[in-house]
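Please walk me through this structure, starting with its sheet and then turning to its ligands.

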Amino acid sequence: MYYKSCQWVNRGIEFRTDSLRLCCYGYLQGRETEYQTTIKENYHGELLDWNEIFRFKEQQKDMHKKGRYLDACKDCIYLFEKDWDDDNYINHFTFNHWTKCNCGCIYCYTKDNKKAFNSYKEYPLYPIIKDMFKKGVIKHTEESCIIFGGGEPTILHEFDKLINLFLDKGCKNIRINSSGIKYSKSIEKGLKSGAISLVISTDAGCSETYEKIKQVKAYKKVWENIRKYAKAQSKDNLLKVKFILFPGVNDNYEEINKWFDEVVKNDVKAVSLSVEQDWYNTHQPEFTPEIYEQISYMENKAKELNLDMEIYCEALAVLREHKA
Ligand SMILES: C[S@@+](CC[C@H](N)C(=O)[O-])C[C@H]1O[C@@H](n2cnc3c(N)ncnc32)[C@H](O)[C@@H]1O
Ligand code: SF4
Ligand code: SF4
């Protein structure tokens with residue numbers, strides 16, 4: 001049936017540290033009602049009753065068919081019209097079931113209580129995913145996507161096992177965000193086959209700024225790992241190195257130019273540009289001329305260097321506001 005809905009209501013699931021949700025986008029869009037997309041509270045890795053989950057999804061689909069939406073979903077940017085099938089299956093995953101990391105970014109949501117976030121134990125997910133494959137709950141389509149957020153994925157105990165399971169089952173479009181500090185052979189395998197895309201946010205063009213932002217001494221190691229991933233990828237845009245513009249911290253042209261030098265030197269062909277979320281939230285909808293100029297400068301510089309550039313929605317909003 002043709003109606004306005006989203007992939008996550010139809011086929012998605014987000015594993016959180018203590019619950020199951022339809023998606024993480026209510027949270028990322030800053031909606032106070034995001035709890036409405038909860039499928040199961042108090043979830044810590046138990047085997048799942050899929051009939052119950054699909055019943056929850058069917059209620060949501062029925063609402064969407066009538067043009068009604070939860071407050072958490074109203075005007076969500078992920079809603080779109082198409083001819084949705086009525087089958088029950090999962091092909092969109094977000095893994096956010098752990099918070100431990102090998103880095104200490106000063107902008108991270110874990111920054112105020114790093115010790116606690118690093119001490120939470122992840123629940124085992126491998127048996128759940130295996131059970132989903134066994135029960136035929138997972139179905140592959142061209143639209144499938146598997147996203148690793150977190151925490152740092154490469155230090156998850158089950159990371160290689162999970163990635164290899166998805167790769168062995170022929171899954172594609174596995175998107176991983178990583179600090180890049182620990183090199184992963186399973187990421188390398190997925191970059192070679194073209195099933196994995198990887199984003200590493202370095203945010204700096206020298207070790208001094210890197211250490212100020214990341215609170216760890218790993219600048220050289222990260223760029224070495226980036227170079228290895230760049231060499232392994234079978235397509236130029238599978239690996240993206242990101243720069244999060246953080247006013248007052250790394251928003252100067254010297255830093256930006258040095259970052260582009262590292263990108264080119266290490267054989268990276270695609271980059272991402274973002275704006276620090278808290279800064280963005282406290283400044284929107286009006287931004288400084290400086291940040292607009294820096295974003296424009298980076299956009300042009302990427303073009304000059306023949307680099308693919310992905311611009312995150314916050315940076316796009318800055319460009320839009322200044323063009324308006
Ligand atoms: C929370 S991290 C977890 C994955 C991984 N540890 C990493 O940093 O890539 C997920 C993504 O959010 C981005 N991110 C985290 N905090 C941010 C902030 N305050 N502003 C903008 N992006 C942020 C990171 O760069 C990363 O790409
Ligand atoms: S409409 Fe948006 S917030 Fe609601 S389930 Fe879909 S992606 Fe998530
Ligand atoms: S690498 Fe990712 S999870 Fe770790 S501190 Fe930085 S943003 Fe947070």
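Angles between elements are taken between N-to-C directions and run from 0 to 180 degrees, with axes being lines fitted to C-alpha atoms, for helices over the stretch in contact. In this predicted model, helix H7, residues 185-193, lies across S8, S9 and S10 and runs at about 125 degrees to S9.

Those three strands belong to an open sheet of 10 strands with mixed pairing, in the order S4-S3-S2-S6-S7-S8-S9-S10-S11-S12. At the edges stand strand S4 (38-40) and strand S12 (308-311); each has a single partner strand, so one side of each is left without a neighbour in the sheet. Strands of a sheet pair through backbone hydrogen bonds, in either a parallel or an antiparallel sense. Strand S6 (residues 92-96) and strand S7 (residues 145-148) pair in the parallel sense, over 4 bridges. Histidine 92 has cysteine 145 in S7 as its bridge partner.

The sheet also takes part in the surroundings of ligand 1. Strands S8 (174-178), S9 (196-201) and S10 (239-245) each supply at least two residues of the shell around ligand 1, as does helix H11 (277-283). In total, 17 residues surround ligand 1, and the closest are Tyr107, Glu152, Asn177, Ser201 and Gln277. By class, this shell holds 5 nonpolar, 8 polar and 4 charged residues.

Ligand 2 has 13 residues around it, of which Cys6, Cys23, Cys73, Cys76 and Tyr78 come nearest. Helix H1 (7-11) and helix H2 (25-28) are the elements that give two or more residues to this shell. The shell around ligand 2 has 11 nonpolar and 2 polar residues, and no charged ones.

Definitions and conventions. Residues are numbered from 1 along each chain as its sequence is written. Chains are lettered from A and ligands numbered from 1 in the order in which they are written. This is a predicted model: local features need pLDDT of at least 70, side-chain atom pairs count only at pLDDT 80 or more; totals for chains, interfaces and linings use all residues. A residue is near a molecule or strand if its C-beta atom, placed from the backbone, lies within 6 Å of it. Ala, Val, Leu, Ile, Met, Phe, Trp, Tyr, Cys and Pro count as nonpolar, Asp, Glu, Lys and Arg as charged, and the others, Gly among them, as polar. Two strands pair if DSSP finds at least two bridges between them. Two residues are in contact if their C-beta atoms, placed from the backbone, lie within 7 Å.
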